[in-house]
Amino acid sequence: MFQQTNIAVSPSNFSEQAAELLRLADVRTTPARVTVLATLLMQPRALSHLELHETLAYLDRVTLYRALDCLTEAGLAHKISSDDRSFRYSASANTPLIKDSSEASSQHVSTPHQHGHFKCNRCARVFCLEQNLYSSALQQQLQASMQLTTHRDFKIQEIDLTIKGWCADCVTAPNEN
Ligand SMILES: [Zn+2]
Ligand SMILES: [Zn+2]
C-alpha cells in the first residue's frame, strides 16, 4: 500500500510558517495545530490519516483529527477523497507565500479548494497540482465540450480533477513484482 517514507521532524521554519498562517487566518494557535500544519507544509504530497498518525505518534487520534478539522475549516489545508476510501490531507495548494502580512496574503488563505490532483497508481501517493495551471483554459474547454454534448448551457461550478498514472519515483523504480 503506502511506500514507507521518512518524514522528518518539523524544522522550525515550517513551524514558524504554520504559526503565521494560523495567525493570518485568525485561528487560535495551539501546539497541535502548528505541528500538524507544519507537517503538511513540509510535504509536497498529501498525507493520509495513517501517515499523519504515524509521523505524529505523540498526538492522540482525537487531537490529530480535531486539528485537521480546524485547519480544513480555516482553509489552511484541504481534504482529498479518493477511490481507495482513505482521506488525505494537504496544505500545499493552500499555502500563501508569506512575503508580507498585507491583506492580499490573508485573502489567499481563504481561497477555496479548486485544483486538480495526481494520484500514483503504483505507490498511491497523491500530489496537489498548481491551481493556476489549469484554471481558465481547461474550464473553457470543458464548457465547450459540455455545450457540444448537451446542446444546452450547463454552468461549471467546480472541477474535481484527478489525473492517474505513475509518479516520477515509480517510473524510474525497478519492477518489484
Ligand atoms: Zn508512485
Ligand atoms: Zn489538493
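**Exercise 1. Which residues coordinate the zinc ion (ligand 1), and at what distance?**

*Solution.* This is a predicted model.
Step 1. List the donors. They are the SG atoms of C120, C123, C167 and C170, at 2.3 Å.
Step 2. Place them along the chain. The spacing reads C-x2-C-x43-C-x2-C.
Step 3. Check the angles. The four donor atoms subtend 104 to 116° at the zinc ion (ligand 1), which makes the arrangement tetrahedral. For four tetrahedral donors the ideal angle is 109.5 degrees.
Step 4. Look at the setting. C167 and C170 are both buried.

**Exercise 2. Find the donors of the zinc ion (ligand 2) and work out which distant parts of the chain H78 and C128 tie together.**

*Solution.*
Step 1. Three histidines and a cysteine coordinate the zinc ion (ligand 2): H78, H115 and H117 through NE2, and C128 through SG. The distances run from 1.9 to 2.3 Å.
Step 2. Along the chain, the donors follow H-x36-H-x1-H-x10-C.
Step 3. H78 sits in strand β2 (residues 78-80) and C128 in strand β5 (residues 126-128), so the pair ties together parts 50 residues apart in sequence.
Step 4. H78 and C128 are buried.
Step 5. Angles of 100 to 123° between the four donor atoms make the arrangement around the zinc ion (ligand 2) tetrahedral.

**Exercise 3. Test the length of helix α4, then decide where its buried residues lie around the axis.**

*Solution.*
Step 1. Helix α4 covers residues 61-73, which is 13 residues. At 1.5 Å a residue, the helix should span 18 Å. Its end C-alpha atoms are 18 Å apart, which agrees.
Step 2. Pick out the buried residues of α4: L64, A67, L68, C70 and L71.
Step 3. Look down the axis. The buried residues of α4 fall within an arc of 165°, so they line one face of the helix.
Step 4. Turn to the other side of α4. There, R66 and E73 are exposed.
Step 5. Ask what covers the buried residues. The cover includes α1 (12-24), α2 (31-42), α3 (49-55) and β3 (88-90).
Step 6. Inspect both ends. At the start of α4, a side-chain oxygen of D60 comes within 3.1 Å of the backbone nitrogen of V62. Just after α4, G75 has a positive phi of about 80°.

**Exercise 4. Is E51 buried or exposed, and which side chain does it meet in a polar contact?**

*Solution.*
Step 1. Locate E51: it is in helix α3.
Step 2. Its relative accessibility is 6%, so E51 counts as buried. The cut-off for buried is under 20%.
Step 3. The side chains of E51 and R45 are joined by a polar contact of 3.0 Å.

**Exercise 5. Classify L142 by accessibility and name the residues it touches.**

*Solution.*
Step 1. L142 is in helix α6 (residues 136-150).
Step 2. With a relative accessible area of 32%, L142 is partly exposed.
Step 3. Leaving aside residues up to four places away in sequence, L142 touches I156 and I159.
Step 4. L142 and I156 are 14 residues apart in sequence, and their C-alpha atoms are 8.4 Å apart.

**Exercise 6. Where do D26 and H151 lie, and what phi does each take?**

*Solution.*
Step 1. D26 is in the loop between α1 and α2. Its phi is near 65°, positive in a residue other than glycine. At 74% relative accessibility, D26 counts as exposed.
Step 2. H151 is in the loop between α6 and β6 (162-165). Its phi is near 55°, also a positive value in a residue other than glycine. At 64% relative accessibility, H151 counts as exposed.

Key:
Residues numbered from 1 in each chain as written. Chains lettered and ligands numbered in written order. Predicted model: local features only at pLDDT ≥ 70, side-chain atom pairs only at ≥ 80, totals over all residues. Heavy atoms only, no water. Helix = DSSP H or I, 4+ residues; strand = E, 2+ residues; numbered from the N terminus. Expected span 1.5 Å × (residues − 1). Buried < 20%, exposed > 50% of the residue type's maximum accessible area, 1.4 Å probe, protein only. Arc of directions from axis to C-beta. Contact = heavy atoms within 4.5 Å. Polar contact = N/O pair within 3.5 Å; in protein donor to acceptor, adjacent residues only side chain to side chain. Donors = N, O, S within 2.8 Å, 3.2 Å for Na, K, Ca; no water. Tetrahedral: all angles 85-135°; square planar, octahedral: opposite > 155°, others 65-115°.
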